[in-house]
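Q: Please take a close look at how strands are paired in one part of this structure, going down to a single pair of residues. Please then set that part beside the other features that have been computed.

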Amino acid sequence: MNPAIILVSETRSEELLDEFGRYSRDYELPTAGSAHEAKLAAKRVVAEGGQVAMFVTESRLPDAEVLEAFHWWRATVPTARRVIAAHVSSFREDAERLRGGMAKGKYDAYLLMPRGARDEEFHTAICELLSDWGSTVAEPEVVAVAIVSPVEDALTLSIRDYLDRMGMPNRVYAPDSDEGRAVLEHVEGDVAPEYPLVMDLGKRVATARSVRDVATRIYGRPADVDVDRVVDVAIVGAGPAGLAAAVYASSEGLSTVVLEAEAVGGQAGTSSMIRNYLGFPRGISGMRLAQRARNQAIRFGTEFFTGWPVTSFTPGTLDETGGPRPHVLHTEGGEVRARAVVVSAGVKYRRLDAPGIERLVGLGVHYGSAMTAAREMEGSDVIVVGGGNSAGQAAIHLARFARSVTILVRRESLAETMSSYLVGEIGYNPRITVQGCSEVTEGGAGEDGRLGWVTVRDTAGGTEERRDCRGLFLLIGAAPYCDWLPDAVARDGRGFVLTGRDVPQRLWREGLPPESLETTVPGVFAAGDIRAGSMKRVAAASGEGASVVPLVHAWLDPTR
């Protein structure tokens, strides 16, 4: 059964049905003349085992205010996208009244109903929302990577999360399923297979003992870089800063290699929906933003190697003629030599020091939003720990699946640490509760070996409460990911890399500070969250990544 797009209008259902005819091959298109009829239609689709991908409604309905109707429909199908297609006769008048609701997450888009054929601006918005729904809710129809495993353990979930963040549709199949047996037919040799097995688009099948095994088979390893070759710039970290640096460096003719320890996008890549990034009025998921930037950089010649953390770094020295030798970045998969290095490795979430938590990581406990795990939380009670934007975005996404989401913060409220638009959206969502002055002190497994309960402590009164919990998502502050850097790269007391005039004067060269994004090692620059004093926002990191490229050019060619 195809997923449904429910079209709602008292008088223009036929017009909407005609306009959405282009989707009829892949979606059911039931119509409804009122909010109540649409609710009944949605219940019928769900009862028959189907999915509702989207509600499209006029701005005026006969039996309810449209925002009230969205509330009803959201309670029925929380994962469906919600769109207003206002008729031209009421578009301007209703816009002022309704657009405020979009900022609170009551619906996803306010569009002008098409007035003629081929209104591609309208359909671009519809396709973007359906694409977002398809990547976060529905199982993919076209599978790029097939995983075969009798159980979805922590490793299998980690592989799925990596593939999701890399924008590669994937599914897990049982070994005795038709799809699983088809994969097993491609296993070479007579040795019994070890699970999980992974088959890529090239029909190559191998046992995956780590996420890195999957990354290597799909994207290669740093040793694939010619050892005799020195690239112009090596970028460590493929978050927003590293991706922006890669796009601008490679587009300007610099040979560029990017090394990423996990998946492209960094922490931003795990965000289910970024709504305040310039140029995306309907928002964009961190994964899609990252993959668009990666594809853009590849178009200009950037080479990416994911799953390979840099383990150490040897700064270049001066050769016999006084010229700089290349810097060397060491990984377990090979070395990369570069004339300039951009450190944009970002930050990693701090670990929660509470009994019972660490052994359940991947089994209900997750650091970051773990978008793949959200689908596993359907009907469960989950907790998000953290008060930043990433925690807010994670909670909103989880609320599409979980029965309840509780955000725990040490402060009394979210207002001091979270963007206003997220606070407003969370306040409107009936599935999300914010609990201030609270922390998790312990966790334990249920009968199935996965997270079953946590203990929550009231930091004001000192009382503790044990509560059932199937998902614990920890976004509790960030520590810089730079243990691999040598002492020659100066850092502040919290470990963030110092650049420009933030470098202590005793470390200046010839009485002059480093350039604005340059570190204490000549030819080594820092951008994004890892840099001391940076603004921890996606747009700010992207801006620093772009801004570092002219400094790299000046280092490589001082005569420019």
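A: Two strands are said to pair if DSSP finds at least two bridges between them. The model to which this criterion is applied here is a predicted one.

The part chosen for the close look is an open sheet of three strands in the order E21-E22-E23, with antiparallel pairing. Its edges are formed by strand E21, residues 438–445, and strand E23, residues 464–468, each of which pairs on one side only. On average, neighbouring strands of this sheet are turned by 25° against each other, direction ignored. Strand E22 covers residues 451–458 and is joined to E23 by five bridges, the two strands running antiparallel. At the level of single residues, Arg457 has Glu464 in E23 as its bridge partner.

A second sheet can be described in the same terms. Four strands form this open sheet, ordered E7-E6-E8-E9, and their pairing is mixed. Strand E7 (170–173) and strand E9 (205–207) are the edge strands, each pairing on one side only. Here, too, the average turn between neighbouring strands is 25°, with direction ignored. Strand E6, residues 145–148, runs parallel to E7 and is connected to that strand by four bridges. Within this connection, Ile147 is matched with Val172 of E7 as its bridge partner.

Beyond the sheets, the cavities give a further view of the model. Four cavities of 30 Å³ or more are counted, and the largest has a volume of about 80 Å³. The lining of this largest cavity consists of Ser272, Met273, Arg275, Gln393, Ile396, His397, Arg400, Leu422 and Glu425. Helix H12 (389–398) and helix H13 (420–428) each supply at least two residues of that lining, and the largest share, three residues, comes from H12. By character, the lining residues divide into three nonpolar, three polar and three charged.

The cysteines complete the account. Zero disulfides are found in a search of the whole structure. Two cysteines may be placed by their accessibility. Cys482 has a relative accessible area of 3% and is therefore buried, since that class takes values under 20%. Cys127, at 38% relative accessibility, counts as partly exposed, because this value lies between the 20% limit for buried and the 50% limit for exposed.

Methods. Residues numbered from 1 in each chain as written. Predicted model: local features only at pLDDT ≥ 70, side-chain atom pairs only at ≥ 80, totals over all residues. Heavy atoms only, no water. 1 Å grid on protein atoms, 1.4 Å probe; cavity = no way out; pocket = protein on both sides within 12 Å on 5 of 7 lines; lining within 4 Å. Points joined across faces, edges and corners; volume = space filled by probe spheres on them. Nonpolar A, V, L, I, M, F, W, Y, C, P; charged D, E, K, R; others polar. Axes fitted to C-alpha atoms, helices over the stretch in contact; angles between N-to-C directions. Disulfide = S-S within 2.5 Å. Buried < 20%, exposed > 50% of the residue type's maximum accessible area, 1.4 Å probe, protein only.
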